[in-house]
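Thanks for making time this morning. I would like to take you through one model, going from the overall fold to a single lysine.

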Amino acid sequence: HMPLTPKFRFEQDEETCTVFVSLSSAAAATRNTRVHCSDACLQVTCPPYFLQVDLFEDVDNQLTVTKISPGLATIKVFKRKHKIWDQLSAVGTPEEIKSRRDVAKAQKDVQDAQAQDDTKEKKRQDEDYVFHKRWDLERDEKRTIERQAALHKRDAENELQQWIDETEKKPSDSDDAPSAEPVVTYFDKQLVEDPFNKDAVSKEADLDPSNIPLPATYNAKTARSMVLQRAHKKEPVPEFDARNRKSQPQEGSSAQAAPATASDTPDQAAAGKAPPPATDDSEGEEEEEAPRPPRDAGVAEAAAAAAASPPP
């Protein structure tokens, strides 16, 4: 059966155009309605209805807002050129309108494929963030334990030095004063500075042994500044995009073939291989004139004697 064209109307201003499509007699309209909007065409599918409208001018399909309610579909598009349209449908010959629709559909397909790829990369980056965040928490626990152990060791050394000074009755202005150098552990050297978490890398915490620093950042992917900037964005972070690393050639790989020269054979030029190194003819002649002696002279003489003797 041929699809039916539903009733529709539109409202517009200089920036937007809203199309209202009536789907009152369609069964399960909220579940079966599909809306496809490109820069030049609007399609609404809801069996048994089908609506296709070639818009008067181009719109930005990425900003399109669709709302499906029982018996009514509302599509709001944003105009690229801010002005009032003379009508909703496009003006021109059928060939021109179809060509414009096909070009817009191809662009829409490319955008949808890119958006799907970006969604996968965004999901991968989110999972990678969770992995590195757990690793950061584990490193921070080890860092706290090492810092506390180093502080206790420093306090014990200072007390021992003070007891030695009192026992030997050294003057108070001795050069062996208690050490007050900041404690730097193995994990302190791996910290990543974060403007939103400066207390984690502050050396003032060493002055108070009971002061435990806040959870620190050990990877640029888990920095709070990076997370806050990208929390509400759908696009993946270009800095950590794995697709860029895959497209780059690896170091040391023979990605580029050697240019063909006049001495290359056709097979070598087609395969991109370099010709074999040239050898000196005089050296080859000398090697032919002076053959190598046999490895076992006794075996050679026995074989020659056996060949010369007549059979019994």
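**Fold, core and one buried lysine**

The protein chain has 7 helices and 7 strands, where helices (H or I, at least four residues) and strands (E, at least two) are DSSP runs numbered from the N terminus. This is a predicted model, in which local features need pLDDT of at least 70 and side-chain atom pairs count only at pLDDT 80 or more, while totals for chains, interfaces and linings use all residues. Residues are numbered from 1 along each chain as its sequence is written, and side-chain values use heavy atoms, with hydrogens and water left out.

Of the 312 residues, 26% count as buried, meaning under 20% relative accessible area with a 1.4 Å probe, protein chains only. The largest nonpolar core (buried Ala, Val, Leu, Ile, Met, Phe, Trp, Tyr and Cys joined through side-chain atoms within 4.5 Å) has 18 residues, and those with the most contacts inside it are Val21, Leu55, Ile75 and Leu88. Strands S2 (16-22), S4 (41-46), S5 (49-54) and S7 each supply at least two residues of this core.

Now to Lys79, which lies in strand S7 (residues 72-79). Lys79 is buried yet has no salt bridge, that is, no side-chain nitrogen of Lys or Arg within 4 Å of a carboxyl oxygen of Asp or Glu. Which side chain of opposite charge is nearest to Lys79? That is Asp13, 5.5 Å away, with Lys and Arg counted as positive, Asp and Glu as negative, and His and the chain ends not counted.

Terms used: Buried means under 20% relative accessible area, exposed over 50%, partly exposed in between (1.4 Å probe, protein chains only).
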